[in-house]
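User: I'm new to this one and would like a walk through it. Could we go over it piece by piece?

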Amino acid sequence: MAIIRVRNLEKSFGKLHVLRGIDLDVKEGEKLVIIGPSGSGKSTLLRCLNMLEVPTKGTIEFAGEVITDPQADLPRIRKDIGMVFQSFNLFPHKNVLENITMALVIVKKMEQAKAEELALSLLEKVGLSDKARNYPAQLSGGQQQRVAIARALAMQPKVMLFDEPTSALDPEMVGEVLEVMGALAREGMTMVVVTHEMKFAREIGDRVIFMDEGVIVEEGTPEQIFTEPRNPRTRSFLTRVM
C-alpha cells in the first residue's frame with residue numbers, strides 16, 4: 001500500500017522549472033533512495049512531500065489525504081512526516097534534551113517527564129545518552145545530526161525524509177550517521193533518502209531513483225541501477241561518482 005502518492009508534480013521558481021511531471025509512489029516500509037547530480041530537483045521533491053515547498057502543479061497524497069489541497073490540515077499531517085535536513089537546525093540556546101522534548105510538550109501536549117523519558121530512550125538509540133545535557137556547540141557535526149534524527153523520531157512519524165543528511169559532515173563523521181539510518185531501515189521505518197552516499201544507497205535501498213533536470217530518468221532495484229543502468233545519463237553519472 002502506498003503511503004505517499006505523487007502525480008504530475010511540477011515546481012517552478014519563476015522561469016526555472018525544477019520539477020517536471022513527477023509520478024511517484026512510496027510504499028509503507030519501503031526505503032526509497034533518490035540520487036542524481038546537484039540541481040536535479042532531488043531536495044525540492046523531498047521538500048514538496050511535506051509541503052515545505054508548495055508545488056506549482058500536481059497532487060500529493062499522504063496516508064490517503066490530499067495534502068496539496070488548500071484545505072488540508074498541514075500542521076496535523078506534518079506530525080507524521082519526520083524530516084532531517086542537511087544542516088542540523090538545532091536550537092543553540094537549548095541543550096540536547098530540550099531540543100528533543102520541546103515539540104513533544106508544545107505540539108503533542110506530552111507531560112514533561114514522559115517527554116524526557118522518550119527523549120532519553122531515543123538518545124540511547126542513536127548512541128548519545130551521555131550528551132543529554134550538552135548544548136549543540138559542544139557536539140561534533142555527526143553528533144548534532146544524530147540528535148536531529150532523534151528529535152524527528154520523537155514525534156513517532158510514519159515516514160522519515162532525509163535530505164542529504166551527511167553532506168555537511170566531515171568525512172570521519174559520516175559513518176556514525178549512516179549507521180543510525182541503517183538501523184532505522186532494518187527496523188522497517190518508511191524512508192525517503194536523498195543522498196550522495198552511493199554505497200549506503202546500494203546497501204539500504206529497496207528502490208533507487210535517478211533524477212536529472214527535474215525528471216525521474218530511471219528507477220529500479222539497487223542491483224539493477226548500480227550494476228546495469230539502462231539509461232546513458234544514469235551510466236554517465238554513476239561512472240563519475242563511483
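Analyst: What follows is a set of short questions and answers on this predicted model.

User: Let's begin with the open sheet of four strands. Which strands are at its edges?

Analyst: The order in this open sheet is S2-S1-S4-S5, with antiparallel pairing. An edge strand pairs on one side only. That description fits strand S2 (16-27) and strand S5 (65-66).

User: Which residue in S4 does Arg 5 stand opposite?

Analyst: Strand S1 covers residues 2-13 and strand S4 covers residues 57-62. The two pair in the antiparallel sense, over five bridges. Across from Arg 5 in S4 stands Glu 61.

User: Now S9. Is this strand enclosed or not, and how many of its residues are buried?

Analyst: In a regular strand, side chains alternate between the two faces of the sheet. In S9, Arg 207, Ile 209 and Met 211 on one side are buried, and so are Val 208, Phe 210 and Asp 212 on the other. Strand S9 (residues 207-212) is therefore largely enclosed by the rest of the structure, with the buried count at six of the six residues.

User: S9 has a partner in S3. Which residue of S9 is opposite Ile 35?

Analyst: Strands of a sheet pair through backbone hydrogen bonds, either parallel or antiparallel. S3 and S9 run parallel and are joined by four bridges. Opposite Ile 35, the S9 residue is Phe 210.

User: And on to S10: what is the phi of Glu 213 in the turn?

Analyst: S9 pairs with strand S10 (residues 215-220) in the antiparallel sense, over five bridges. Ile 209 stands opposite Glu 219, while Asp 212 has Val 215 as its bridge partner. The two strands form a hairpin with two residues between them, and Glu 213 in that turn has a positive phi of about 50°.

User: Let's look at Gly 36. Is it buried or exposed?

Analyst: Gly 36 sits in the loop between strand S3 (31-35) and helix H1 (42-49). Leaving out residues up to four places away in sequence, Gly 36 touches Lys 42, His 196, Phe 210, Met 211 and Phe 237. Its relative accessibility is 0%, and the cut-off for the class is under 20%, so Gly 36 counts as buried.

User: How far apart in space are Gly 36 and Glu 213?

Analyst: Along the sequence, Gly 36 and Glu 213 are 177 residues apart. Glu 213 belongs to the turn of the S9 and S10 hairpin. In space, C-alpha to C-alpha, the separation of Gly 36 and Glu 213 is 9.2 Å.

User: What about helix H1: how many of its eight residues are buried?

Analyst: The buried residues are Lys 42, Ser 43, Thr 44, Leu 45, Leu 46, Cys 48 and Leu 49. Just after H1, Met 51 takes a positive phi of about 65°. H1 is mostly covered, and its buried count is seven.

User: Last stop, H3 and H4. What class does their packing angle fall into?

Analyst: Helix H3 (residues 96-106) and helix H4 (residues 112-125) have axes 9 Å apart and pack at an angle of about 130°. Angles over 145 would count as roughly antiparallel, and 65 to 115 as roughly perpendicular. Because the angle fits neither range, H3 is, relative to H4, oblique.

User: Which hand does the crossing of H3 and H4 have?

Analyst: Residues in the contact include Ile 100 and Leu 104 from H3 and Ala 115 and Leu 123 from H4. By class, this contact has ten nonpolar, two polar and one charged residues. The crossing of the two helices is right-handed.

Notes: Residues are numbered from 1 along each chain as its sequence is written. This is a predicted model: local features need pLDDT of at least 70, side-chain atom pairs count only at pLDDT 80 or more; totals for chains, interfaces and linings use all residues. Side-chain values use heavy atoms; hydrogens and water are left out. Axes are lines fitted to C-alpha atoms, for helices over the stretch in contact, and angles run from 0 to 180 degrees between N-to-C directions. Angles under 35 degrees count as roughly parallel, over 145 as roughly antiparallel, 65 to 115 as roughly perpendicular and the rest as oblique. A crossing is left-handed if the near helix is turned anticlockwise from the far one by less than a right angle, and right-handed if clockwise. Contact means heavy atoms within 4.5 Å. Ala, Val, Leu, Ile, Met, Phe, Trp, Tyr, Cys and Pro count as nonpolar, Asp, Glu, Lys and Arg as charged, and the others, Gly among them, as polar. Two strands pair if DSSP finds at least two bridges between them. Buried means under 20% relative accessible area, exposed over 50%, partly exposed in between (1.4 Å probe, protein chains only).
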